[in-house]
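Before relying on individual residues in a model, a bench biochemist may want to ask where each one sits and how far it is shielded by the rest of the chain. The questions below take up these points in turn.

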Amino acid sequence: MTPVVAQTNRLNLRQFEPDDLDDLTEVLGNADVMTYSLTGPLTHEEVQEHIRRYCAHWHRWGYGLCAVVHRTDGKVIGYCGLQYFDEIDGRPEIEVGYRLNRDYWDCGYASEAAAAIVEFGFAVLGLERIIAMIDPRNLRSIRVAEKIGLYYEKDADCGGYIDRIYVAERRNTAE
């Protein structure tokens with residue numbers, strides 16, 4: 001069993017396993033979930049490749065996207081985690097990202113998972129700054145970012161499209 005990276009009252013967040021493919025395909029293959037994705041809904045084979053890349057990111061950086069596992073039934077209901085980007089608007093950044101199964105929207109799971117991952121980034125990894133890159137039309141995702149304490153910084157060109165950049169910075173607790 002893969003160790004849990006972060007845990008909340010309702011969720012476990014852990015690295016992906018090959019057995020997560022069907023549950024994650026249910027998420028990333030859904031048109032509603034993928035509305036603001038550049039790729040649109042993904043096929044079973046594309047999701048399998050995504051899981052491979054998620055694992056490679058973990059291997060290289062020591063963090064990455066996590067399977068969001070509902071603690072009651074063990075179902076993978078999406079992903080949430082941290083991704084490194086070499087350059088976003090002129091600087092390297094680490095982004096918190098999240099996507100959940102449509103059946104689990106409006107229950108607070110995205111905020112719960114994202115808050116746990118941001119805390120993991122600051123407390124365990126010692127990060128100083130975490131961003132979220134959000135399509136300006138994606139009001140649900142903006143609400144999640146704001147709910148967990150990220151603030152709007154600017155609009156930025158993210159490889160040919162404009163996203164809103166929301167930021168969280170580690171607070172100095174030594175004061």
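Buried means under 20% relative accessible area, exposed means over 50%, and partly exposed lies in between.

Q: Is Ser141 buried or exposed?
A: In this predicted model, Ser141 lies in helix 4, which spans residues 139-147. The relative accessibility of Ser141 is 12%, and the cut-off for the lowest class is under 20%. Ser141 therefore counts as buried.

Q: Which residues does Ser141 touch, not counting residues up to four places away in sequence?
A: Ser141 belongs to helix 4, and residues up to four places away in sequence are not counted here. With that restriction, the residues that Ser141 touches are Tyr98 and Ile134.

Q: Is Asp89 buried, exposed or partly exposed?
A: Asp89 is found in the loop between strand 4 (76-88) and strand 5 (91-100), and its phi is near 50°, a positive value in a residue other than glycine. Because its relative accessibility is 36%, Asp89 counts as partly exposed.

Q: Is Asp106 buried or exposed?
A: Asp106 has its place in the loop between strand 5 and helix 3 (109-124), and its phi, near 65°, is a positive value in a residue other than glycine. At 63% relative accessibility, set against a cut-off of over 50%, Asp106 counts as exposed.

Q: Which element of the protein has the highest mean pLDDT?
A: The protein averages a pLDDT of 94, and 97% of the residues score at least 70. Among the elements, the lowest mean, 93, belongs to strand 1 (residues 4-7), while the highest, 98, belongs to strand 2 (residues 11-14).

Technical notes. Residues are numbered from 1 along each chain as its sequence is written. This is a predicted model: local features need pLDDT of at least 70, side-chain atom pairs count only at pLDDT 80 or more; totals for chains, interfaces and linings use all residues. Side-chain values use heavy atoms; hydrogens and water are left out. pLDDT is the predictor's confidence in each residue, from 0 to 100. Helices (H or I, at least four residues) and strands (E, at least two) are DSSP runs, numbered from the N terminus. Buried means under 20% relative accessible area, exposed over 50%, partly exposed in between (1.4 Å probe, protein chains only). Contact means heavy atoms within 4.5 Å.
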